[in-house]
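Student: I'd like a close look at one part of this protein, the spot where two helices pack together. Could you walk me through it, and then show me a few other places to compare?

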Amino acid sequence: MNVAEYAYSKGILEATLGFSTGKDSVVGLDMLLKAGLKVIPIYFYVVPGLKFIEDNIKMYEDHFEQRIVRLPHPMLYDYIDHLDWQPYDRAKTIAKNANGHTSFRELTNAYLKCMDISGFEYDCNCMKMADSLNRRLLLRKIPDVDEAKKIIYLTKYLTDKGCFDYIKAHNIPLTKDYEIWGRSWDGLKYDYTMGVKKFYPEDYETIKSYFPLIDAEIIRYKLVKKYLYEQII
């Protein structure tokens, strides 16, 4: 019995799921649906309107025959409020209209309230004990279904290999992200940004429309790489 089946056996029939299109969340969604739960998967976008992201989401909507909600990522609010990669003329306006940090749960609850959706008290987490020592120490102390905080730890006991094996066994497709980055796209750090610029130039221009100075992230990477090389030789 996996954690999704265990949650269903405890009478939990509905849950939300942060769906990154990465392997862990893909396995989690499949487990939930196979266990019989009604699921609202949510993709939290870091930059709106990226075509390759939308293609990824659409692929999984077709595969699971399940609508995936799109909501802004808390990181997007943070990037903007912190004036990351913003020119001076924009910074003045942004500074006057800062939103403050918001959480995944707050955004999810706001969506449910806006859509007048009741139930869905439980949210699913796809962290794994195998991810890191810190996560192992954290997750080993937490029940699989945390009834106090209303969180289901879906993939708690899986490894990366276990996730890939599950995906292969159930004929679930993986996105092209895994060919480019070896994992799902995850924000505006230089390695992800460089990949978008190389493989999705139109989407890179979309990123620049929101963060005009994003080229600085690539320049920073090249300078750091050059410095490290010089230290080695």
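Tutor: Here is a walk through one helix pair, followed by a few other spots along the chain. Keep in mind that this is a predicted model.

Let's start with the pair itself. Two packed helices are described by the angle between their axes and the distance between the axes. Here the partners are α2, which covers residues 23–35, and α8, which covers residues 160–169. Their axes lie 9 Å apart and make an angle of about 55°. That angle falls in neither the roughly parallel range, under 35 degrees, nor the roughly perpendicular one, 65 to 115, so α2 and α8 are oblique to each other. As for handedness, α2 passes α8 in a left-handed crossing.

Who actually meets whom? From α2 come K23, D24, V26, V27, D30, M31 and K34. On the α8 side they meet D160, C163, F164, Y166 and I167. Sorted by class, this contact of α2 with α8 has seven nonpolar and five charged residues, and no polar ones.

Now zoom in on K23, which sits in α2. Is this lysine buried or exposed? K23 counts as buried, because its relative accessibility is 12% and the cut-off for buried is under 20%. Leaving out residues up to four places away in sequence, K23 touches D160, C163, F164 and I167, and its contacts also include K128, L174 and Y178.

For another buried spot, go to V46, in the loop between β2 (38–45) and α3 (51–64). With a relative accessible area of 5%, V46 is buried. Setting aside residues up to four places away in sequence, V46 touches H73, M75, L76, Y79, W185, G187 and L188.

R70, in strand β3 (residues 69–72), is partly exposed, with a relative accessible area of 27%. Beyond its neighbours within four places in sequence, R70 is in contact with Y43, Y45, E54, I57 and E61. R70 and Y111 are 41 residues apart along the chain, and their C-alpha atoms are separated by 9.9 Å.

Last stop: helix α10, residues 190–199, where Y192, T193, G195 and V196 are buried. Why do they end up on the same side of α10? They cover an arc of only 160° around the axis, which puts them there together. The general rule behind such patterns is that an α-helix has 3.6 residues a turn, so residues three or four places apart point the same way.

Notes:
Residues numbered from 1 in each chain as written. Predicted model: local features only at pLDDT ≥ 70, side-chain atom pairs only at ≥ 80, totals over all residues. Heavy atoms only, no water. Buried < 20%, exposed > 50% of the residue type's maximum accessible area, 1.4 Å probe, protein only. Helix = DSSP H or I, 4+ residues; strand = E, 2+ residues; numbered from the N terminus. Arc of directions from axis to C-beta. Axes fitted to C-alpha atoms, helices over the stretch in contact; angles between N-to-C directions. Parallel < 35°, antiparallel > 145°, perpendicular 65-115°, else oblique. Left-handed = near helix turned anticlockwise from the far one by under 90°. Contact = heavy atoms within 4.5 Å. Nonpolar A, V, L, I, M, F, W, Y, C, P; charged D, E, K, R; others polar.
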